[in-house]
Amino acid sequence: MDQLPLEGMPRRLYSCTPSRLNTWLDCRRRYRFTYLDRPQPAKGPGWAHNSVGASVHNALAGWWREPYERRTPLTAALLLTNGWIKEGFRDEEQSARWLGRARDLVSGYVSTLDPADDPVGVERTVATRTKVVALSGRIDRLDRRGDELVVVDYKTGRRPLTQDDARSSLALAVYAIAASRMMRTPCHQVELHHLPTGEIVEWRHTDESLERHLRRAEEVAEEASVADERYREAVAAPPGSNRGRAAQARTGQGQAAQGTAPQVPAEVDALFAPNPGPICSWCDFRRHCPEGRTAGPDRNPWDGLAE
């Protein structure tokens with residue numbers, strides 16, 4: 001017999017990262033493909049601009065883990081070279097050219113830093129919870145300046161940043177809240193460090209603005225949680241139960257066993273409707289979404305680079 005939830009029992013906290021919440025807001029179909037479908041639909045090829053970003057982030061994190069005397073621009077360049085990710089580039093020549101650019105980025109950036117000014121955390125995981133949601137995420141760098149903490153996020157994309165990017169970022173606000181609660185230290189300032197231009201975009205939150213972001217995170221979490229439960233009822237019911245046999249018949253779980261994403265009833269699929277737009281050209285799951293394929297042109301894996 002299927003077990004029913006007890007009346008009055010508290011709802012289970014929705015555990016997530018800011019990235020998961022933002023995916024729900026951007027495109028619910030991509031959310032389903034990313035976080036719910038198992039097996040997960042096959043992704044497209046890796047993106048070269050993501051390889052650049054990951055390589056730079058890894059090198060900067062490694063630089064702070066080096067002993068003080070080795071925190072030099074040369075060390076940053078060596079870390080970048082040794083950890084270079086080649087996925088997504090058109091050919092070896094393009095990869096080598098961008099390796100040189102990325103070396104210049106990290107060595108130039110660390111030359112502006114004080115190697116003795118140890119951060120509170122590098123690639124630091126922080127977490128917090130409310131009555132609705134359990135949030136966690138990883139901060140690129142967490143500084144202590146005076147009596148407060150500062151959230152630092154590295155950016156390597158070609159798009160110039162504005163103060164609104166820092167102000168409106170749900171992730172940065174959540175990181176500030178979580179860091180403050182975990183370390184019992186005020187944290188209101190968030191910063192985007194744009195390595196290609198050397199620009200630092202700052203925003204100083206108030207307690208009220210941080211609270212607004214947290215309430216927004218709860219609202220999104222409640223929406224996504226309801227959809228998650230509907231999905232699991234349709235797809236992930238115990239195989240031996242009456243509900244499970246009905247769900248299996250409706251959803252084609254036999255196909256899932258063969259390595260394809262499970263199908264769901266139309267009423268559940270409607271909860272994860274796509275949001276077609278220009279960003280569809282960059283979606284990892286484009287091949288599985290007819291609406292996305294018609295919303296924008298195909299992109300080469302290296303098209304995101306600022307050539």
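**Helix H1 and its two partners**

H1 and H2 sit oblique to each other, going by an angle of about 140° between them, with their axes 6 Å apart. That angle falls short of the cut-off for roughly antiparallel, which takes in values over 145. All of this is read from a predicted model. H1 covers residues 18-26 and H2 picks up at residues 28-35. On the H1 side, the contact is made by Ser19, Arg20, Thr23, Trp24 and Asp26, and these meet Arg28, Arg30, Tyr31 and Tyr35 of H2. Sorted by type, the residues of this contact come out as three nonpolar, two polar and four charged.

H1 also packs against helix H8, which spans residues 207-235. Here the angle is about 75° and the axes are 10 Å apart, which makes H1 roughly perpendicular to H8. H1 brings Arg20, Leu21, Trp24 and Leu25 to this contact. From H8 come Arg216, Ala217, Val220, Ala221, Glu223, Ala224, Ala227, Asp228 and Arg232. The mix in this case is eight nonpolar residues and five charged ones, with no polar residues. Arg20 and Trp24 turn up in both contacts of H1, meeting residues of H2 as well as residues of H8.

Elsewhere in the chain, Ser95 lies in helix H5, which runs over residues 92-110. Ser95 has a relative accessible area of 3%, so this serine counts as buried, the cut-off being under 20%. Setting aside neighbours within four places in sequence, Ser95 is in contact with Trp84, Lys86 and Phe89.

Zooming out to the whole chain, the secondary structure adds up to twelve helices and six strands. There are 307 residues, and 45% of them count as buried. The accessible surface is about 16,500 Å², with 51% of that area belonging to carbon and sulfur atoms. Among contacts with a separation of 6 or more, 68% link residues 24 or more positions apart.

As for confidence, pLDDT averages 90 over the chain, and 88% of the residues score at least 70. Residues 240-259 are another matter: pLDDT stays under 50 over this stretch. Even so, the model has 28 contacts beyond four places in sequence for residues 240-259.

Definitions and conventions
Residues numbered from 1 in each chain as written. Predicted model: local features only at pLDDT ≥ 70, side-chain atom pairs only at ≥ 80, totals over all residues. Heavy atoms only, no water. Axes fitted to C-alpha atoms, helices over the stretch in contact; angles between N-to-C directions. Helix = DSSP H or I, 4+ residues; strand = E, 2+ residues; numbered from the N terminus. Parallel < 35°, antiparallel > 145°, perpendicular 65-115°, else oblique. Contact = heavy atoms within 4.5 Å. Nonpolar A, V, L, I, M, F, W, Y, C, P; charged D, E, K, R; others polar. Buried < 20%, exposed > 50% of the residue type's maximum accessible area, 1.4 Å probe, protein only. Areas by Shrake-Rupley, 256 points an atom, 1.4 Å probe, with all protein chains shown as cover. pLDDT = per-residue confidence, 0-100.
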